[in-house]
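Me: I have a model on the screen and a list of terms I keep seeing. Please take me through what each term rests on.

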Amino acid sequence: MGAQWKAKGKELAANTRGRVFGKLSKDIMLAARSGADPAANSRLRLLVEQARKASMPKDTLDRAIKKGAGLTGEVVYFEHVIYEGFAPHQVAVMVECLTDNVNRTAPEMRVLFRKGQLGTSGSVAWDFDHVGMIEAEPITKDADAELAAIEAGAQDLEPGEEDGNTLFLTDPTDLDLVSRALHAQGFNVLSAKLGYKPKNPVDPASLSAAQLEEVEAFLAAIDDNDDVQNVYVSLAGTA
């Protein structure tokens, strides 16, 4: 399964929808720095499609694009920071943040990691592969994911988040190239980004129900933080 942790049933919670919109808005603002026209900005185009699929209000979407492109007169600054460490029971975690104030985020992460173990830079990154992650859905029922992966130049593939979807994994430098090639192979790209895939994921069956609950509670608390964009965990079947 994919490496990115997702809260169970999160799409049903109104407060979590707000967090999803907040995270998408940050990504959109960053992408819009390269241009406010989705037709000429492939990264922005994909994020706009994600926002619409998530039912983000149009005014929220438009505001994020204009703010990121500098059309509102506001200065948008986010620093990309990754925190590494362990959830309870030595499950490796990489937390990707976009923050406008590291002096706020860093102590918040230290508090959140008290039930686990906050490591230094590189302490768990060695156990993850940095990869391109492309979530795509078949355009037709007979679309062959394995053949599409070969023809488009993907390195590997896995089941996607939604039933019937496929997660194509690429070399980081090939993310855009593979994204564009997949359509010709019968797949509609839903999202494309760089992420982290564990090399040696922990089998959830090796943890007791109580231990797994501790890990899930830890990850949920991390994901709740406003500065956290993505949580990657070395636990099989977490997508």
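Reply: Start with pairing: two strands pair if DSSP finds at least two bridges between them. Strands (E, at least two residues) and helices (H or I, at least four) are DSSP runs, numbered from the N terminus. This is a predicted model, in which local features need pLDDT of at least 70, side-chain atom pairs count only at pLDDT 80 or more, and totals for chains, interfaces and linings use all residues. Residues are numbered from 1 along each chain as its sequence is written, and side-chain values use heavy atoms, with hydrogens and water left out.

Me: How do you know that β4 and β7 pair?

Reply: There are 11 bridges between β4 and β7, in the antiparallel sense. At least two are needed, so the two strands count as paired. As one example, Ile-134 has Ala-192 in β7 as its bridge partner.

Me: What makes β4, β5, β6 and β7 one sheet?

Reply: The four strands form an open sheet in the order β5-β6-β4-β7, with antiparallel pairing. β5 (residues 156-159) and β6 (residues 166-170) share four bridges, and β4 is joined to β6 by five. Leu-169 in β6 is the bridge partner of Asp-156 and also of Met-133. Leu-157 has Phe-168 in β6 as its bridge partner.

Me: Which strands of this sheet are called edge strands?

Reply: They are β5 and β7 (187-198), since each pairs on one side only. From one strand to the next, the twist averages 30°. Angles here run from 0 to 180 degrees between N-to-C directions, and axes are lines fitted to C-alpha atoms, for helices over the stretch in contact. Helix α6 (residues 175-182) lies across β4 (128-138), β6 and β7, at about 150° to β7.

Me: Why do β3 and β8 stand at the edges of the other sheet?

Reply: That open sheet has the order β3-β1-β2-β8 and antiparallel pairing. β3 (117-118) and β8 (228-233) each have a single partner strand, so one side of each is left without a neighbour in the sheet. Two bridges join β1 (residues 79-87) to β3, and the cut-off is at least two, so this counts as a pair. Gly-85 stands opposite Leu-118 in β3. Helix α7 (residues 209-224) packs on the sheet and touches β1, β2 (91-99) and β8; contact means heavy atoms within 4.5 Å.

Me: Why is the pair of Phe-113 and Phe-218 called edge-to-face?

Reply: Rings of Phe, Tyr and Trp (its six-membered ring) pair if their centres lie within 6.5 Å; planes under 30 degrees apart count as stacked, over 60 as edge-to-face and the rest as tilted. The centres of these two rings are 5.4 Å apart and the planes are at 75°, so the pair is edge-to-face. Phe-113 lies in the loop between α4 (102-112) and β3, and Phe-218 in helix α7, so the pair ties together parts that are 105 residues apart in sequence. The structure holds three aromatic pairs.

Me: What makes up the lining of the second largest pocket, by class?

Reply: The lining has two nonpolar, six polar and six charged residues. Ala, Val, Leu, Ile, Met, Phe, Trp, Tyr, Cys and Pro count as nonpolar, Asp, Glu, Lys and Arg as charged, and the others, Gly among them, as polar. The largest share of this lining, seven residues, comes from α1.
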